[in-house]
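Thank you all for making time. I would like to talk through how the parts of this structure meet one another, so please keep the sequence and the model in view while I speak.

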Amino acid sequence: MAQMIRGNTGDWEIVIGMEIHAQVTANAKLFSGASTAFGAAPNSQVSFVDAAMPGMLPVLNEKCVEQAIRTGLGLNAQVNTRSVFARKNYFYPDLPQGYQISQYDQPIIGEGKIEIDLPGGELKDIGITRLHLEQDAGKSVHDQHPSKSYVDLNRSGCALMEIVSEPDIRGPEEAAAYLSKIRMILRYLGTCDGNMEEGSMRADVNVSVRKPGNPYGTRCEIKNVNSIKAVQQAIDYEAARQVEILEDGGKIDQETRLWDPAKGVTRSMRSKEEAHDYRYFPDPDLLPLEFESSWVEEIKQTLPELPDEKKHRFMNEYGLSLYDASVLIAERIRADYYETVAKERDAKLAANWVINELLGILNKNEKTLDESPVSASQLGGLIDLISDNTISGKIAKDVFADMVASGKDAAAIVEEKGLKQVTDTGAIEAVIDEVIAENPDNVAAYRSGKDKLFGFFVGQVMKKTGGKANPAAVNDILKKKLG
Amino acid sequence: MLQVMAGHDPKDSTSANKPVPDYSAALNGSLKGKKIGVPKEYNVEGMPAEITAIWKQGKAWLKDAGAEIIEVSLPHTHYALATYYIIAPAEASSNLARYDGVRYGFRANEPDLKDMYELTRAQGFGNEVKRRIMIGTYALSAGYYDAYYIKAQKVRRLIADDFKKAFETCDALLTPTAPSAAFAIGENEDDPVKMYLNDVFTVPASLAGLPGMSVPAGLDSQGLPLGLQILGRPWDEETVFNVASLIEKQANFIYMPQSLTTKAA
């Protein structure tokens with residue numbers, strides 16, 4: 001369901017392709033042994049290679065290659081057993097070599113595709129054009145001194161995967177869904193932590209507009225979009241800007257634009273004429289990267305179940321809705337938690353409890369699942385008490401709140417507070433007789449056709465039993481006695 | 001010295017992990033059963049007679065040591081110089097980018113960053129270096145890359161194939177080192193092409209990745225040294241050394257530059 005922009009001349013379709021830069025999870029950099037840990041003191045993780053000292057040569061980190069292959073497999077993509085590192089030449093203070101070692105016409109990963117989940121339960125395939133490995137640049141720091149800029153080379157030489165999509169994305173919602181899905185896949189695979197705030201995942205967004213059915217329009221590349229929300233806002237703004245220009249009879253200049261989150265606008269950064277000529281050529285310091293396809297097979301054996309596979313399995317195996325399955329697979333730890341709860345229990349009931357109660361309370365308390373005060377087996381214990389009619393669903397919510405606060409097991413709380421459901425029909429009957437005796441007017445009204453009063457009687461019985469009476473038994477007996 | 005330097009360097013991705021032979025053991029003084037190739041394309045037009053003569057002398061010395069001299073053909077020799085002067089400057093233009101005056105080396109004192117970069121490089125590099133950066137940057141530019149760099153890479157492959165084919169029939173090649181005697185310092189500075197032409201016999205082996213060695217073999221009429229070049233198969237430094245040692249012995253080259261002999265006296 002593509003979002004259209006309504007213009008004065010009709011509807012416009014937004015066409016988007018994305019380039020995602022994902023920092024590879026590895027202990028060392030792509031071509032040097034320096035550490036990649038986040039948050040170290042500036043310039044404390046810089047080898048001679050990263051600082052481009054004369055005569056220093058790059059040596060490829062095998063771990064980074066393995067991570068790129070894993071990611072390629074996770075994106076259902078072609079793994080190229082031969083690829084070539086090329087130099088991308090440009091001058092910038094945070095690029096000490098004067099070139100970035102990247103991959104150009106022969107990347108390690110070729111075409112693939114992933115499935116994105118759209119609101120309304122729709123699924124859509126987005127094509128992956130390629131993934132290549134490259135070095136990150138250092139970081140220029142402009143806010144430490146009134147007139148000077150500083151350069152931190154800790155990030156210089158860290159491995160990045162650039163994931164390029166086909167222009168298959170139609171609108172901000174799809175872009176957000178694509179970005180989330182890529183991040184989810186990377187996290188499942190353990191190849192990138194996906195933290196956009198720390199800059200370990202960054203996106204460049206190519207946006208153009210066209211009348212449906214027409215060829216692609218001229219695109220603009222938007223940089224500096226550092227959150228999923230920013231991606232949506234930037235696309236909204238940029239597409240509207242382009243439509244306005246085109247409807248006023250103007251034309252779009254192909255250019256690189258910068259998203260300004262404070263003002264909520266995109267600004268021109270450099271035009272096509274000012275675009276860098278990167279003078280790509282194969283890096284003579286490195287041989288072509290070649291490996292056996294058996295290595296790819298080996299890595300394939302170690303892949304975890306991926307989000308989309310898991311989603312479809314949850315739907316088939318547990319009978320969950322697409323929505324519930326999508327929520328549960330969003331994080332690997334969440335999916336694992338759910339499966340522990342659902343094991344040999346009512347899977348749908350388990351899904352409701354995990355999604356509505358557990359995630360609800362964690363969200364409210366701004367906690368993550370690994371900080372949950374209720375473990376998966378504890379939640380399972382609570383569900384067992386509901387399933388075997390020890391407590392009602394309503395009481396269970398109170399017990400759950402108690403579990404969150406105290407960290408105790410459900411059974412212990414039920415025992416301590418005497419919350420055990422009364423299923424003894426004799427006891428329930430006695431209470432019902434009491435209620436009937438106390439409310440002769442209502443009984444008469446009910447018997448003369450005021451059906452709605454049934455709820456009143458249920459309420460009275462529950463009140464007298466402190467909510468512990470089995471609701472099904474109360475309904476049955478009440479119906480008989482009033483009937 | 002090579003014996004110590006040779007071998008695998010794990011910090012150089014282009015270095016091969018191969019056992020290092022005992023080079024001095026290869027100097028057995030005999031070329032019995034060996035075939036030495038003489039590439040006919042190295043007989044360039046306008047080459048001084050003295051160079052042709054020293055080449056002929058070299059062949060005679062090797063024949064005396066038991067080698068069979070055969071003529072071979074390296075048909076793409078003619079393109080080697082142009083190829084080299086595309087590829088080498090292309091690499092150099094990128095390799096030298098790191099000399100920006102920031103972390104080490106010469107720095108022009110300018111308050112503005114861009115001025116500092118530009119003047120550091122303008123003042124710090126010599127003319128030949130700047131020339132190569134310009135040529136290399138041009139050859140890699142959008143629109144010229146296919147015509148120059150890619151084409152040069154293809155020709156480089158053809159040149160390497162020439163050698164591969166030649167080494168099917170011979171064990172090493174004997175050529176003059178240069179088509180003229182050494183020129184004086186500063187002599188060809190305003191005519192770089194003439195200067196580059198002097199490399200015509202040495203660059204093909206560099207492009208093909210072969211071991212080569214130049215041995216001083218005699219003097220021209222002006223007392224300038226003339227050299228002979230020996231080229232071997234990939235990884236076959238042993239044959240190159242063995243051939244070179246024979247030439248060194250026969251040539252008995254004892255001359256020293258005048259500046260050195262004067263000082264010594």
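**Interfaces within and between the chains**

Let me begin inside chain A, where 11 residues of domain 1 of chain A are in contact with 14 residues of domain 2 of chain A. I should say straight away that this is a predicted model, and that every value I quote is to be taken in that light. The domain assignment splits chain A into domain 1 (4–299), domain 2 (305–417) and domain 3 (425–482), and the C-alpha centres of domain 1 of chain A and domain 2 of chain A are 37 Å apart.

How much area is buried between domain 1 of chain A and domain 2 of chain A? The value is about 990 Å², with carbon and sulfur atoms giving 61% of it. On the side of domain 1 of chain A, the residues that lose the most area to domain 2 of chain A are Glu115(A), Met184(A) and Tyr188(A), which together account for 59% of what that side buries.

Turning to the charged and polar pairs, the rule finds 3 salt bridges across the interface of domain 1 of chain A and domain 2 of chain A, and Glu115(A), which I have just named among the residues that lose the most area, has its side chain in a salt bridge with that of Lys311(A), at 3.0 Å from N to O. Across the interface of these two domains there are also 6 residue pairs in polar contact, both residues being at pLDDT 80 or more. The elements of chain A that each supply at least two residues to the side of domain 1 that touches domain 2 are β6 (112–118), β7 (122–135) and α2 (172–189), and the largest share, 5 residues, comes from α2(A). By class, that side of domain 1 of chain A is made up of 5 nonpolar, 2 polar and 4 charged residues.

Now to chain B, for which the assignment gives domain 1 (41–72 + 169–252) and domain 2 (75–159). Their centres, taken over C-alpha atoms, are separated by 28 Å, and the contact draws 13 residues from domain 1 of chain B and 14 residues from domain 2 of chain B. About 1,200 Å² is buried between domain 1 of chain B and domain 2 of chain B, and carbon and sulfur atoms give 71% of that area. How many salt bridges does the rule find across the interface of domain 1 of chain B and domain 2 of chain B? The count there is 0, while the polar contacts across the interface come to 3 residue pairs, both at pLDDT 80 or more. On the side of domain 1 of chain B that touches domain 2 of chain B, the elements giving two or more residues are α7 (192–197) and α8 (203–208) of chain B, and the residues of that side divide into 9 nonpolar, 1 polar and 3 charged.

Finally, the two chains meet through 28 residues from chain A and 24 residues from chain B. The area buried between chain A and chain B is about 2,100 Å², of which carbon and sulfur atoms give 56%, and Phe91(A), Arg279(A) and Phe281(A) supply 27% of the area that chain A buries against chain B, more than any other three residues. Between the chains the rule finds 0 salt bridges, whereas 10 residue pairs, both at pLDDT 80 or more, are in polar contact.

Conventions. Residues numbered from 1 in each chain as written. Chains lettered and ligands numbered in written order. Predicted model: local features only at pLDDT ≥ 70, side-chain atom pairs only at ≥ 80, totals over all residues. Heavy atoms only, no water. Domains from an automatic or database assignment. Contact = heavy atoms within 4.5 Å. Buried area = accessible area lost by both parts, 1.4 Å probe. Salt bridge = Lys/Arg side-chain N within 4 Å of Asp/Glu carboxyl O. Polar contact = N/O pair within 3.5 Å; in protein donor to acceptor, adjacent residues only side chain to side chain. Helix = DSSP H or I, 4+ residues; strand = E, 2+ residues; numbered from the N terminus. Nonpolar A, V, L, I, M, F, W, Y, C, P; charged D, E, K, R; others polar.
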